[in-house]
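Trainee: I've got a new structure to get my head around. Could we go through it together, one question at a time?

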Amino acid sequence: MLRRMGYRLVLRQAEHPRQVDAGGTVPVALRWDNVGVAPPYGDYRIALRLTMEGSSREPSVAVTPRSIRSWQPGTTNFTESLPIPREWPGGDAELAMAVVRPSTRQ
């Protein structure tokens with residue numbers, strides 16, 4: 001019963017290009033399912049973080065402008081663009097996602 005109460009967000013799919021140029025943006029298409037029975041209660045956002053593997057550079061972070069408060073049970077699809085700093089070196093990167101408070105990014 002506890003697994004059905006409230007909201008429960010599940011990331012079902014994330015798609016992005018395999019290669020991106022420095023100074024450009026990475027479009028990330030996301031498909032989320034709210035498998036609970038209610039929308040999220042807080043004004044949370046989805047944050048995307050791109051970290052260069054083996055680098056001490058600060059990660060590139062983008063917090064989506066739209067709140068997830070309106071995500072009713074069911075599927076939500078959207079695409080967000082993550083900026084790539086012009087000075088980033090080439091190489092592999094790691095993409096991470098989180099649900100955060102927009103004011104603190106926690």
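Mentor: Sure, and let's settle one term before we start. Helices (H or I, at least four residues) and strands (E, at least two) are DSSP runs, numbered from the N terminus. Keep in mind too that this is a predicted model.

Trainee: Then what does the secondary structure of the protein come to?

Mentor: Go along the chain from the N terminus and the elements run β-β-β-β-β-β. The tally is therefore zero helices and, counting DSSP runs of E, six strands.

Trainee: Since it's predicted, which element has the highest mean pLDDT, and which the lowest?

Mentor: Start with the whole protein: the average pLDDT is 88, and 96% of the residues score at least 70. Where pLDDT is low, the predicted coordinates should not be read in detail. Among the elements, the highest mean, 94, belongs to strand S1 (residues 9–15), and the lowest, 87, to strand S4 (residues 60–63).

Trainee: What share of the contacts join residues at least 24 apart?

Mentor: For scale, the C-alpha atoms fill a box of roughly 50 × 25 × 20 Å along the principal axes, and 30% of the 106 residues count as buried. Now take contacts between residues at least 6 apart in sequence: the share joining residues at least 24 apart is 69%.

Trainee: On to the inside. Which elements give two or more residues to the largest nonpolar core?

Mentor: That core has 16 residues, and the ones touching the most other members are Leu30, Trp32, Ile46, Leu48, Trp71, Phe78 and Leu82. The elements giving two or more residues are strand S2 (25–34), strand S3 (45–52) and strand S5 (74–83).

Trainee: What is Leu30 in contact with, beyond its neighbours within four places in sequence?

Mentor: Leu30 is among the core residues that touch the most other members. Its contacts include Ile46, Leu48 and Phe78, which are also named in that group. The full set is Leu11, Gln13, Ala14, Ile46, Leu48, Thr76, Asn77, Phe78 and Met97.

Trainee: Asn77 is on that list. Is Asn77 buried or exposed?

Mentor: Asn77 sits in strand S5, and beyond four places in sequence its contacts are Leu30 and Arg31. The C-alpha atoms of Asn77 and Val28, 49 residues apart along the chain, are separated by 11 Å. Its relative accessibility is 53%, and the cut-off is over 50%, so Asn77 counts as exposed.

Trainee: Let's do the aromatics. What parts of the chain does the Tyr7 and Tyr41 pair tie together?

Mentor: A search of the whole structure finds three aromatic pairs. Tyr7 and Tyr41 form one, with 5.5 Å centre to centre and 75 degrees between the planes, which is edge-to-face. The pair ties together parts 34 residues apart in sequence, because its rings lie in the segment before S1 and the loop between S2 and S3.

Trainee: Which class does each of those two tyrosines fall in, exposed or partly exposed?

Mentor: The line for exposed is over 50% relative accessible area. Tyr7, at 30%, is therefore partly exposed. Tyr41 has 57%, so Tyr41 is exposed.

Trainee: And what kind of aromatic pair do Trp71 and Phe78 form?

Mentor: Their centres are 5.9 Å apart, with 50 degrees between the planes, and that makes the pair tilted.

Trainee: Which residues do ring pairs link into a cluster?

Mentor: Two of them we've just met: Trp71 and Phe78, both buried. Add one tryptophan and the cluster is Trp32, Trp71 and Phe78.

Trainee: What about empty space? Which element gives the largest share of the lining of the largest pocket?

Mentor: That pocket holds about 490 Å³ of space. It is lined by 19 residues, with Arg18, Gln19, Val20, Gly91 and Ala93 nearest its centre. Both S3 and strand S6 (93–100) supply at least two residues, but the largest share, three residues, comes from S6.

Trainee: Arg49 caught my eye. How far apart are the C-alpha atoms of Arg49 and Val61?

Mentor: Arg49 is in strand S3 and is partly exposed, with a relative accessible area of 38%. Beyond four places in sequence, Arg49 touches Pro59, Ser60, Val61, Leu82, Glu94, Leu95 and Ala96. Val61 is twelve residues away along the chain, and the C-alpha separation is 4.4 Å.

Trainee: Last one: where does Arg105 lie?

Mentor: Most residues other than glycine have a negative phi. Arg105 has a positive one, near 60 degrees. Its place is the segment after S6.

Notes: Residues numbered from 1 in each chain as written. Predicted model: local features only at pLDDT ≥ 70, side-chain atom pairs only at ≥ 80, totals over all residues. Heavy atoms only, no water. Core = buried A, V, L, I, M, F, W, Y, C linked by side-chain atoms within 4.5 Å. Buried < 20%, exposed > 50% of the residue type's maximum accessible area, 1.4 Å probe, protein only. Contact = heavy atoms within 4.5 Å. pLDDT = per-residue confidence, 0-100. Phe/Tyr/Trp six-rings, centres within 6.5 Å; stacked < 30°, edge-to-face > 60°. 1 Å grid on protein atoms, 1.4 Å probe; cavity = no way out; pocket = protein on both sides within 12 Å on 5 of 7 lines; lining within 4 Å. Points joined across faces, edges and corners; volume = space filled by probe spheres on them.
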